[in-house]
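Okay, thanks for making room for me on the agenda. I'll walk you through one model, and please keep it open on your screens while I talk.

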Amino acid sequence: MTAAISEDAAYRNACGHSDRENAVIEGNAAVRRAVLGSKDMELIRLYSDVPEFRQRLHREVIDETYPKLHELLRPLSQEDIDTALCAWNGNIESKHAVVRYMKDHAREKDTAAWLAQEYGGSNSNSLFVVRAGSPEETQLPWPKVQRRLAQLIQEDRSIPKKNRTVLTTSTQSPSGKLWRKEGSSTARWQTRKNWTMPRLSNR
């Protein structure tokens, strides 16, 4: 039942482009269409003759499908893009690596390629995808990712406060990129492969 409802065009449109109240109305209508079109006589009988069954079916189907469809189909906003950028690849150590690197290289041409490699490793040629699989899917080229990340870092919005940790030593990033050793007077880029990242308490 939920699979059929999730493919109902009118319901999907309401989930993505209307409020919950209207989506519920369209969802109830979609459930009715699915039940009557099922050719399951027992299901049709229960739906038609037992109000409690009908109301419960409506409620359970809407509660299960609406949140997923709403998140998938609603228009993409700048806030959604910023949230995806701040989430990065899900690795908090990699987020710290990006913040460190961007502080000194935010305007450099090669930084876009560095970000792509840091984000995807061997898949560095791919674009940054926001809400993959959705009709609202957006693919950002890495120079655009670089510019927006620079703004978010400047505004101190790139890493949630609960995940912030002061890193007193510098190491290779999780993808093997070079970090500058903090406190080094020569600001050399370190290449020692046996250095490791200090454990973060709030990973």
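**Around helix H6 and beyond**

Let's start at tryptophan 88, which sits in the loop between H6 and helix H7 (92-105). Before I go on, keep in mind that this is a predicted model. So what's odd about the backbone there? Tryptophan 88 isn't a glycine, yet its phi is positive, about 55 degrees. For background, most residues other than glycine have a negative phi. Is this side chain's residue buried or exposed? Tryptophan 88 has a relative accessible area of 6%, and because the cut-off for buried is 20%, it counts as buried.

That tryptophan follows H6, so to speak at the helix's exit, and H6 itself is worth a look. Its buried residues are Asp80, Ile81, Asp82, Ala84, Leu85 and Cys86. What covers them? The cover includes H7, S1, S2 and helix H9 (142-154).

Now, one of those buried residues is an aspartate, and I'd like to stay with it for a minute. Aspartate 80 belongs to helix H6, which runs over residues 78-87. Its relative accessibility is 14%, which is why it's classed as buried. What does its side chain find there? A polar atom of the aspartate 80 side chain lies 3.0 Å from the backbone nitrogen of serine 77. If you skip the neighbours within four places in sequence, aspartate 80 is in contact with Arg74, Pro75, Val130 and Arg131.

Hold on to that last name, Arg131. Arginine 131 is in the loop between strand S1 (128-130) and strand S2 (138-140). What about its phi? Arginine 131 is also not a glycine, and its phi is positive, about 55 degrees. Its relative accessible area comes out at 16%, so arginine 131 counts as buried. If you're clicking along, aspartate 80 and arginine 131 touch each other.

Pro75 takes us to another spot. Histidine 17 touches Pro75, along with Leu73 and Glu136, once residues up to four places away in sequence are set aside. Histidine 17 is in helix H2 (residues 9-17). Buried or exposed, this one? With 51% relative accessibility, histidine 17 is classed as exposed. Its partner leucine 73 is 56 residues away along the chain, while the two C-alpha atoms are separated by 7.7 Å.

**How the helices pack**

Let me zoom out. The chain has nine helices and two strands, and in sequence order the pattern reads α-α-α-α-α-α-α-α-β-β-α. There are 203 residues, and 37% of them are buried. Among the contacts between residues at least 6 apart in sequence, 62% join residues at least 24 apart.

For helix packing, I picked two pairs, both involving H3. Take H3 and helix H5 (residues 51-73): their axes come within 10 Å and cross at roughly 120 degrees. That angle is why the pair is called oblique. The crossing of H3 past H5 is right-handed. Who's making the contact? On the H3 side you have Arg20, Ala23, Val24, Gly27, Asn28, Val31 and Val35, and on the H5 side Leu57, His58, Val61, Ile62, Asp63 and Tyr66.

The second pair is H3 with helix H4 (residues 41-49). Here the axes are 9 Å apart and the angle is about 140 degrees. Roughly antiparallel would need an angle over 145 degrees, so H3 and H4 are oblique to each other. Asn28, Val31, Arg32, Val35 and Leu36 of H3 meet Leu43, Ile44 and Tyr47 of H4. Asn28, Val31 and Val35 turn up on the H5 list and on the H4 list.

**How sure is the predictor?**

Last bit, on confidence. Mean pLDDT for the chain is 82, with 76% of residues reaching 70 or more. Which elements mark the two ends of the range? Helix H3 (residues 20-36) has the highest mean pLDDT, 97, and helix H8 (residues 111-120) the lowest, 92. Then there are stretches where pLDDT is below 50. One is residues 166-171, with 22 contacts in the model beyond near neighbours in sequence. Another is residues 178-203, where the count of such contacts is 55.

That's my tour, and I'm happy to go back to any of it.

Conventions. Residues are numbered from 1 along each chain as its sequence is written. This is a predicted model: local features need pLDDT of at least 70, side-chain atom pairs count only at pLDDT 80 or more; totals for chains, interfaces and linings use all residues. Side-chain values use heavy atoms; hydrogens and water are left out. Helices (H or I, at least four residues) and strands (E, at least two) are DSSP runs, numbered from the N terminus. Buried means under 20% relative accessible area, exposed over 50%, partly exposed in between (1.4 Å probe, protein chains only). A polar contact is a pair of N or O atoms within 3.5 Å; within protein, one must be able to donate a hydrogen and the other to accept it, and residues adjacent in sequence count only if both atoms are side-chain atoms. Contact means heavy atoms within 4.5 Å. pLDDT is the predictor's confidence in each residue, from 0 to 100. Axes are lines fitted to C-alpha atoms, for helices over the stretch in contact, and angles run from 0 to 180 degrees between N-to-C directions. Angles under 35 degrees count as roughly parallel, over 145 as roughly antiparallel, 65 to 115 as roughly perpendicular and the rest as oblique. A crossing is left-handed if the near helix is turned anticlockwise from the far one by less than a right angle, and right-handed if clockwise.
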